Amino acid sequence: MILEMKVPSPGESITEVEIAEWLVEDGDYVEKDQAIAEVDSDKATLELPAEASGTITLKAEEGDAVAVGAVVCLIDTEATAPETDTYSGGDEGGNSDDVASEMKKKHESTPNTTDHKKAPAPTDKTYASGTPSPAAKKILDEKGISATSVSGTGRDGRITKDDAVNAVPSMGTPTGGNRGTSRSKMSMLRRKVAERLVEAKNTTAMLTTFNEVDMSPIFELRKQYKEDFKAKHGVSLGFMSFFTLAVVRALKLYPAVNSMIDGKEMLSYDFVDISIAVSGPKGLMVPVIRNAENLSFRGVESEVKRLAIRARDGQITVDEMTGGTFTISNGGVFGSMLSTPIINPPQSGILGMHNIVERPVAIDGKVEIRPIMYVALSYDHRIIDGKESVGFLVAVKEALENPTELLMNNDVKKALEM
């Protein structure tokens with residue numbers, strides 16, 4: 001029986017995926033539930049398990065974009081598993097299969113000169129030489145490349161769409177040294193992130209407001225309780241729990257920041273799902289901490305650790321990255337001093353954390369050195385006014401500079417579940 005394996009739906013809004021990598025080769029015998037491929041959606045990289053045991057025939061190449069529900073491979077379920085030769089003695093020890101297999105691979109890898117495409121015969125220049133097709137002209141205009149600098153490979157020297165796609169702008173006259181270039185295809189996840197970033201810039205009235213936070217109180221709490229917290233709960237007392245709970249408090253005070261635009265209506269939420277921007281092996285991922293308003297310091301740190309590990313290992317699911325009412329991005333882990341984070345549509349706000357630097361500040365008329373972090377709030381001005389945005393960021397600042405009172409209700413050990 002031949003089983004057709006089709007692309008399952010990773011999520012409601014996803015209509016196609018891209019074959020990132022085949023983990024098996026054409027003709028291999030696979031076991032049921034064995035991972036046979038990695039597929040990229042516009043939100044995550046997922047493994048595709050075999051639906052049955054048998055010999056597999058691949059129907060798509062790596063890099064192909066295939067629709068959800070399309071057939072990507074066939075599995076012959078009547079095929080038997082290859083026998084494993086356990087004999088290990090002597091020169092006659094069952095090596096004929098290995099030798100035959102090796103000879104087959106060498107034969108397949110030998111280039112067949114008859115398969116090479118013949119080089120196009122040179123043609124005389126005509127009025128069409130160097131003239132781009134309409135599609136090619138559009139691409140060249142978008143790239144800002146003149147048609148005169150592109151060699152056409154079409155009939156009579158016409159510039160085809162492929163010529164335009166592969167054309168690169170001039171880098172000037174070389175003066176020596178290595179000037180090599182490479183071209184690689186962007187993953188579907190990276191392309192989708194790029195589309196969403198451009199969409200956010202083009203469809204929102206995005207503004208950014210800034211403030212600074214004296215991190216001394218949090219430093220003192222972490223210095224005093226960090227080791228005991230980790231020993232009891234198995235996770236570190238990091239900065240994310242303080243920032244997440246400070247954001248939860250600020251969103252309750254300024255609910256417009258926890259809202260979204262839906263056509264001509266504004267959707268407001270009575271819960272807080274915090275998206276956290278995480279840099280994964282495949283690019284930027286944004287898993288979601290559900291109902292953060294119900295979590296303690298331990299709960300937030302445990303969830304952040306779990307999601308970060310899953311994102312790093314490529315095990316994050318589409319569902320874990322779906323939704324979110326507000327985003328926190330920490331560019332400080334890469335050394336960023338200040339930035340203007342881009343809104344994660346359809347959300348209306350994102351908080352940017354940055355690195356912590358000792359700076360001179362005025363305290364009660366005296367100059368003191370304090371650990372300072374600059375924070376930024378990018379927001380959609382269509383539904384969030386300046387008063388609300390500034391008030392929100394000030395509320396975050398106040399909670400971070402006075403966490404014992406505003407985030408722990410003056411009972412540190414109870415808040416940390418010590």
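1. Salt bridges, overall. A search of the whole structure, a predicted model, finds 11 salt bridges. Side chains of opposite charge can pair when their charged atoms come close. Three of these pairs are taken up below, together with a network.

2. Lys137 and Asp141. These two residues form a salt bridge, with 3.1 Å between the closest N and O atoms. Both belong to helix α2, which covers residues 134–143. They sit four residues apart, about one turn of the helix. Lys137 has a relative accessible area of 45%. Because that value falls between the 20% and 50% limits, Lys137 is classed as partly exposed.

3. Glu303 and Arg306. Here the closest N and O atoms are 2.8 Å apart, and the pair forms a salt bridge. The host element is helix α7, residues 297–312. The two residues are three apart in that helix, so about one helical turn separates them. Arg306 is partly exposed, at 35% relative accessibility.

4. The network around α7. Glu303 and Arg306 are not an isolated pair: a network of salt bridges links Glu303, Arg306, Arg310 and Glu320. When checking the helix α7 pair in the model, view these four residues together.

5. Arg312 and Asp313. Arg312 forms a salt bridge with Asp313, the closest N and O atoms being 3.2 Å apart. The two partners fall into separate exposure classes. Arg312 counts as exposed, at 53% relative accessibility. Asp313 reaches 41% and counts as partly exposed. The split arises because exposed means over 50%.

6. The annotated domain. UniProt, in an unreviewed entry, places "domain: Peripheral subunit-binding (PSBD)" at residues 131–168. In the model this span is 42% helix and 0% strand. Its end C-alpha atoms lie 17 Å apart. Helix α2, with Lys137 and Asp141, spans residues 134–143.

7. A four-stranded sheet. Strands in the order β1-β8-β6-β3 form an open sheet with antiparallel pairing. β1 and β3 (29–30) stand at the edges. Each has a single partner strand, so one side of each is left without a neighbour in the sheet.

8. β1 against β8. Strand β1 (residues 2–6) runs antiparallel to strand β8 (residues 71–76), and five bridges join them. Within this pairing, Met5 has Cys73 of β8 as its bridge partner.

9. β6 against β8. Strand β6 (residues 54–58) pairs with β8 in the antiparallel sense, over four bridges. Thr57 has Leu74 of β8 as its bridge partner. Leu58 stands opposite Cys73 in β8. Cys73 is also the bridge partner of Met5.

10. A cis peptide bond. Pro345 and Pro346 are joined by a cis peptide bond, with omega about 5°. Pro346 is placed in the loop between β16 (326–330) and β17 (349–353).

11. Asn409. This residue is not a glycine, yet phi is positive, about 55°. Asn409 lies in the loop between α9 (403–406) and α10 (412–415). Its relative accessible area is 65%, and Asn409 is exposed.

12. Glu417. Again phi is positive, about 55°, in a residue that is not a glycine. Glu417 lies in the segment after α10. Glu417 is partly exposed, with a relative accessible area of 27%.

13. The chain as a whole. The protein chain has 10 helices and 19 strands. Of its 418 residues, 37% count as buried. The chain exposes about 24,700 Å², and carbon and sulfur atoms supply 50% of that area. Take the contacts between residues at least 6 apart in sequence: 63% of them join residues at least 24 apart.

Terms used:
Residues numbered from 1 in each chain as written. Predicted model: local features only at pLDDT ≥ 70, side-chain atom pairs only at ≥ 80, totals over all residues. Heavy atoms only, no water. Pairing = 2+ DSSP bridges. Buried < 20%, exposed > 50% of the residue type's maximum accessible area, 1.4 Å probe, protein only. Contact = heavy atoms within 4.5 Å. Areas by Shrake-Rupley, 256 points an atom, 1.4 Å probe, with all protein chains shown as cover. UniProt positions renumbered as here; feature names shortened; annotations may be inferred. Salt bridge = Lys/Arg side-chain N within 4 Å of Asp/Glu carboxyl O.
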